[in-house]
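This report goes through one structure part by part. Keep the sequence and the 3D view at hand while reading.

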There are 2 protein chains.
Amino acid sequence: MKSSSLVSNNVTIFEVASQAGVSYGTVSRVLNQDQHVKAETRERVMKTIRDLGYVVNRQARSLAGGKTHIIGILVPDLGTGYIGEIIQGINTELQIASYDLMLYTTHRTPVLEADYVASLAQGMVDGLLLVLPRNPEDYIGILNSRHFPFVLIDHQGIGQNCPAVGATNWQGAYNATEYLIQLGHTRIGFITGWMDLGAAVDRLEGYKAALWAHHIPFTEDLVRQSTFHQLDGYNCAMDLLNQPVPPTAIFASNDVMAFGAMDAVREKGQRIPEDISIVGFDDIPQASIIHPALTTVRQPLRNMGNVATQMLLELLKNPDTPTKRIELPTGLVVRDSCQPPRG
Amino acid sequence: MKSSSLVSNNVTIFEVASQAGVSYGTVSRVLNQDQHVKAETRERVMKTIRDLGYVVNRQARSLAGGKTHIIGILVPDLGTGYIGEIIQGINTELQIASYDLMLYTTHRTPVLEADYVASLAQGMVDGLLLVLPRNPEDYIGILNSRHFPFVLIDHQGIGQNCPAVGATNWQGAYNATEYLIQLGHTRIGFITGWMDLGAAVDRLEGYKAALWAHHIPFTEDLVRQSTFHQLDGYNCAMDLLNQPVPPTAIFASNDVMAFGAMDAVREKGQRIPEDISIVGFDDIPQASIIHPALTTVRQPLRNMGNVATQMLLELLKNPDTPTKRIELPTGLVVRDSCQPPRG
DNA sequence: TTGAAAGCGCTAACAA
DNA sequence: TTGTTAGCGCTTTCAA
């Protein structure tokens, strides 16, 4: 028999106690590494636990003790790999701390986000990681007033004073734009993200700032409002390319929109990067796989997951940890989708 | 105030009962849609619940009632989008049935898989969805003997008699190979998956069968054993291409290895599909994004998630449902990575 | 139709 | 160092 821990069903602390000839309080002490147990007794109890294949019932434990050792994570969806990377980062930290992970996809039911949060905060999880929350204002105030621990990931809400980790979106956009300018581009199209998100605003501002710094006039004609989705990226790029004087480069606010833009360029019979340069944002796994490999602004997604989780675990240990927002650095990843403009 | 459900902390069934002027048993009845409550009383209790912002404590409920309304899902990792698709399918069904999802990544701790399963089965979740399990034999027997409900996803274990959903791997590989043959290819390289997995074996067999059916001799020289990873796909493809008489087409057992193969072809200075045709398997989201778009065998990943979840929920409702294995159809998706061989 | 009360399996405070 | 016991918040009999 390889592992005895699965052998029997419904072994409780009572069976263990009677088998080992102790009270069940003592078994509980052994389980919780309480020092006040004679080494010999501990030994005997542990052996019984192994023999019987006892496994604690976490429902009962948390009912009695108040902690579930589960972290809830709310994500909008799992589509692009963007979220997957963040989850990997979270998961790594959680495993180290031996917490479990409860995953909630708000994808299909944005309206229910607040209700999810309600039920989760009600004893289901010890803390919450909110990835790209849609309308955090709906519940953050209440979470705060309950002193329920949570950390926001990748939501640069303006003026909100709560624990959060994000990335230097402004700087990333600035650098990417500057890179295109230094290649010689002056007509640089920009496709925004969903402007409700602070990150999208920051990226646009970084773009504007770089133009300004290099004395290139900003014009709305080169900017298209979009939604972070591939198809919209395609449409916006089409629109940009159909102008009388089209841009020589397009900077999309995320990678999947950049993929959409690439589709548009090809459909117009043009080549990347010979005719049009393309830059994305995020550096999701696909970015390096696609051909030509996409030059993009790297977001430290995995690391954002790590850091956010560490913050949350710290908050769990010490609820009075002062609130902080962490911005992790982005970096330009130069690949094959850009070159100087023709002529 | 938008939602009152988050307003107060720790409202229990007791407060609701005293506020509404009933016993807490009655509140419980209302909560559980018990018919034996006067409409008027029900009304009053429901109003109180709303007013107080009461939310049930699921830990307590499951301790008392035995059900958690949580489904556990074990996945190897979240890297490629492959798993993400399956999870989306699972999640959709779970939301409909209002079950919660507990996600376990066995990625970094394959050894612990059996222990996870132990703790989960011990009251933490009502049922288990095992995606691409590594060594199911370690615990499946025990799960079975405990009558703990579970469904395997995408594991074509040989001779195992347990609930499972998979895809028609043999047929998919057969069709893809036949497609290449009909284009005129006769030297078709094949890169296998991790041969511990039944799916990988089936794909290889499908390939062989198609060759056989078209009177093309099978030779080991054109087959490379691999692991489902991109880098190994690259290496195997390199190896294949470096042969004295290289293949004119390469069929990889999954998409990410096909991506690796594409890298190898390019590194050899050859073009796809002009010089070498490439076929993958899975049809993960990246397959259509990459350039040239990958011709591949579509696995109905999302649908596999749906179906598996439905099976599990059925099993939960009626534990005596006869065990069945479902094979969902694969389909060839023709894109731009193949053409007839040169000359 | 409702109330009362016995657990579910465990933690933690209190006694011994 | 160990035993005893009061809950944790709820479901579910059993009575009324």
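## A salt bridge inside a helix

Lys47(A) and Asp51(A) form a salt bridge, and their closest N and O atoms are 2.7 Å apart. Both residues belong to helix H3 of chain A, which covers residues 39-52. The pair is 4 residues apart in that helix, so about one helical turn separates Lys47(A) from Asp51(A).

The model is a predicted one. Over all chains, a search of the whole structure finds 20 salt bridges.

## Where chain A meets chain B

How many residues does each chain give to the contact? Chain A gives 55 residues and chain B gives 55 residues. The size of an interface is often given as the accessible area lost when the parts come together. For chain A and chain B this buried area is about 5200 Å², with 56% of it on carbon and sulfur atoms. Across this interface the rule finds 0 salt bridges. Polar contacts between chain A and chain B number 10 residue pairs, counting pairs with both residues at pLDDT 80 or more.

On the side of chain A that touches chain B, two or more residues come from each of these elements of chain A: helix H4 (58-65), helix H5 (82-96), strand E2 (100-105), helix H6 (113-124), helix H11 (255-267) and helix H12 (286-289). H6(A) gives the most to this side, with 9 residues. By residue type, the side of chain A that touches chain B divides into 24 nonpolar, 22 polar and 9 charged residues.

## Strands paired across the two chains

Strand E2 of chain B also covers residues 100-105 and pairs with E2(A). The sense of this pairing is antiparallel, and there are 3 bridges. Within it, Leu101(A) is opposite Leu103(B), a residue of E2(B).

## DNA strand D

DNA strand D is surrounded by 27 residues. The closest are Thr26(A), Arg29(A), Thr41(A), Tyr54(B) and Arg61(B). Of the atoms of DNA strand D that come within 4 Å of the protein, 55% are in sugar and phosphate. Which part of the DNA strand lies 3.3 Å from a polar side-chain atom of Tyr24(A)? The partner of Tyr24(A) is a base oxygen of DNA strand D. Phosphate oxygens of DNA strand D take part in two further polar pairs described here: the side chain of Thr41(A) has an N or O atom 2.5 Å from a phosphate oxygen, and a polar side-chain atom of Arg61(B) lies 2.6 Å from a phosphate oxygen.

Helix H2 (24-31) and H4 of chain A, together with helix H2 (24-31) and helix H4 (58-65) of chain B, give two or more residues to the surface near DNA strand D. H4(B) supplies the largest share, 5 residues. This surface divides into 12 nonpolar, 11 polar and 4 charged residues.

## DNA strand C

Around DNA strand C there are 25 residues, and those that come nearest are Ile13(A), Tyr54(A), Thr26(B), Arg29(B) and Thr41(B). Sugar or phosphate holds 58% of the atoms of DNA strand C within 4 Å of the protein, and the rest belong to bases. In the side chain of Tyr54(A), an N or O atom is 2.4 Å from a phosphate oxygen of DNA strand C. For Asn32(A), the distance from a side-chain N or O atom to a phosphate oxygen of DNA strand C is 3.3 Å. From chain B, Thr41(B) has a polar side-chain atom that lies 2.5 Å from a phosphate oxygen of DNA strand C.

The surface near DNA strand C takes at least two residues from each of H2 and H4 of chain A and H2 and H4 of chain B. Its largest share, 5 residues, comes from H4(A). By type, the residues near DNA strand C are 12 nonpolar, 9 polar and 4 charged.

## A sheet in chain A

Chain A has an open sheet of 6 strands in the order E7-E6-E8-E9-E10-E12, with mixed pairing. Why is one side of strand E7 (223-224) and of strand E12 (331-333) left without a neighbour in the sheet? These two strands of chain A stand at the edges and each has a single partner strand, so there is no neighbour on one side of each.

Strand E10 of chain A, residues 295-298, pairs with E12(A) in the antiparallel sense over 3 bridges. In E12(A), Gly331(A) is the residue opposite Arg298(A).

Definitions and conventions. Residues are numbered from 1 along each chain as its sequence is written. Chains are lettered from A and ligands numbered from 1 in the order in which they are written. This is a predicted model: local features need pLDDT of at least 70, side-chain atom pairs count only at pLDDT 80 or more; totals for chains, interfaces and linings use all residues. Side-chain values use heavy atoms; hydrogens and water are left out. Contact means heavy atoms within 4.5 Å. Buried area is the accessible area (1.4 Å probe) that two parts lose on being put together, summed over both. A salt bridge is a side-chain nitrogen of Lys or Arg within 4 Å of a carboxyl oxygen of Asp or Glu. A polar contact is a pair of N or O atoms within 3.5 Å; within protein, one must be able to donate a hydrogen and the other to accept it, and residues adjacent in sequence count only if both atoms are side-chain atoms. Ala, Val, Leu, Ile, Met, Phe, Trp, Tyr, Cys and Pro count as nonpolar, Asp, Glu, Lys and Arg as charged, and the others, Gly among them, as polar. Two strands pair if DSSP finds at least two bridges between them. A residue is near a molecule or strand if one of its heavy atoms lies within 4 Å of it.
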